[in-house]
Amino acid sequence: VVSTPGELLEIAVRVAREAAATARRMRDEAIGDVETKSTDTDVVTAADKAVERQVVRALAAERPGDGVLGEEYGDSAEVAPGAVRWILDPIDGTVNYLYGLPQYAVSLAAERDGEVIAGVVINAATGDEWTATRGGGAWRAGRRLSGSVRTTLDQALVGTGFGYDARRRAHQGTVLARLITRVRDIRRFGAAALDLCLAAEGSLDAYFEKGLNLWDHAAGGLIAAEAGLIVSGLDGAPAGRDMLVAAPPALFPALHAALAELDAAGGP
Ligand code: IPD
């Protein structure tokens with residue numbers, strides 16, 4: 001079925017709302033078993049798995065030919081050229097979820113031929129929603145988003161996050177120790193998808209992180225880009241595991257230069 005980005009977004013929003021309701025209900029009632037993944041602090045709850053299964057089921061019922069890449073169960077199927085692949089983080093901000101901190105989200109994006117064309121992020125604790133379609137702008141509650149108007153790095157409130165791997169964290173710590181003297185302040189809220197939405201609406205001036213997975217940034221990255229931010233890796237590389245920088249055009253060069261310098265040691 002060939003669908004427009006708008007049609008895909010409509011499905012994404014509907015499915016993500018149901019997913020957010022499940023996440024929230026399980027948080028209120030019982031989050032179920034908590035297991036660890038890549039490290040002792042990288043957790044997955046029964047809710048992450050239940051929400052992913054629910055979304056996969058809902059999408060399969062509605063669009064059986066599509067693929068789904070989810071954080072917990074990986075790729076559901078090979079995706080033919082021209083077909084849609086949904087990219088899902090059932091609960092982004094799982095550690096917040098575990099602690100009951102109201103900063104966790106369902107992130108769902110539709111990708112076609114390697115390009116994200118629609119995306120929604122819902123803060124499941126508060127119900128706040130951010131959406132975007134490629135070329136159609138980024139939106140929250142009927143308001144079109146356009147990022148921060150700040151132009152200098154020393155006035156910028158910059159969001160970031162850390163992976164679960166200890167070596168990567170040590171590297172991230174060294175970058176941050178030097179960046180903190182060059183910016184207004186740093187924020188680490190704990191859900192990359194929401195951080196990107198906060199940058200899209202200008203509640204953060206910019207955001208960067210090393211080590212993200214596609215499900216963390218597929219929807220939020222489109223929302224930030226459609227709000228007019230530059231979303232990219234270092235030195236023109238696409239945003240990805242190595243680095244994602246999201247900043248309005250006026251701030252991007254300074255933040256990029258600082259990160260390129262401070263990240264130069266590479267790090268895992
Ligand atoms: C994590 C969060 C966190 C970011 C990590 C992600 P998860 O996702 O987005 O803010 O710093 O890099 O792995 O594990 O909660 O889905």
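**Exercise 1.** Find out which residues Val106 touches, leaving out those up to four places away in sequence.

*Solution.* Start with the rule: two residues are in contact if their C-beta atoms, placed from the backbone, lie within 7 Å. By that rule, Val106 touches Ala16, Ala19, Ala20, Ala23, Val51, Pro90, Ile91, Ile122 and Ala124. Before you go on, note that this is a predicted model, where local features need pLDDT of at least 70, side-chain atom pairs count only at pLDDT 80 or more, and totals for chains, interfaces and linings use all residues. Residues are numbered from 1 along each chain as its sequence is written.

**Exercise 2.** Place Val106 in the largest nonpolar core.

*Solution.* A nonpolar core is a set of buried Ala, Val, Leu, Ile, Met, Phe, Trp, Tyr and Cys residues joined through C-beta atoms within 7 Å. Buried takes 20 or more other C-beta atoms within 10 Å of a residue's own; 12 or fewer is exposed, and in between is partly exposed, with C-beta atoms placed from the backbone. The largest core has 81 residues, and Val106 is one of those with the most contacts inside it, along with Leu108, Ala200, Ala206, Ile223 and Ala246. Helix α1 (residues 5–29) gives the largest share, 10 residues. Helices here are DSSP runs (H or I, at least four residues), as are strands (E, at least two), numbered from the N terminus. Domain 1 (5–142) and domain 2 (153–262) each supply at least three residues to this core. Those domain bounds come from an automatic or database domain assignment.

**Exercise 3.** Work out how helix α5 (residues 192–201) and helix α6 (residues 214–226) cross.

*Solution.* Fit lines to C-alpha atoms over the stretch in contact, and take the angle, from 0 to 180 degrees, between N-to-C directions. The two axes come within 8 Å and cross at roughly 5°. So α5 is roughly parallel to α6, a label for angles under 35 degrees (over 145 is roughly antiparallel, 65 to 115 roughly perpendicular, the rest oblique). Among the residues making the contact are Leu196 and Ala200 of α5 and Ala219 and Ile223 of α6.

**Exercise 4.** Is Gly32 buried, partly exposed or exposed?

*Solution.* First, locate Gly32: the loop between α1 and β1 (34–36). Next, count: 13 other C-beta atoms lie within 10 Å, so Gly32 is partly exposed. Finally, check its partners: not counting residues up to four places away in sequence, Gly32 touches Met26, Thr45, Ala46 and Ala47. Gly32 and Ala47 sit 15 residues apart in sequence, yet 6.9 Å apart in space, C-alpha to C-alpha.
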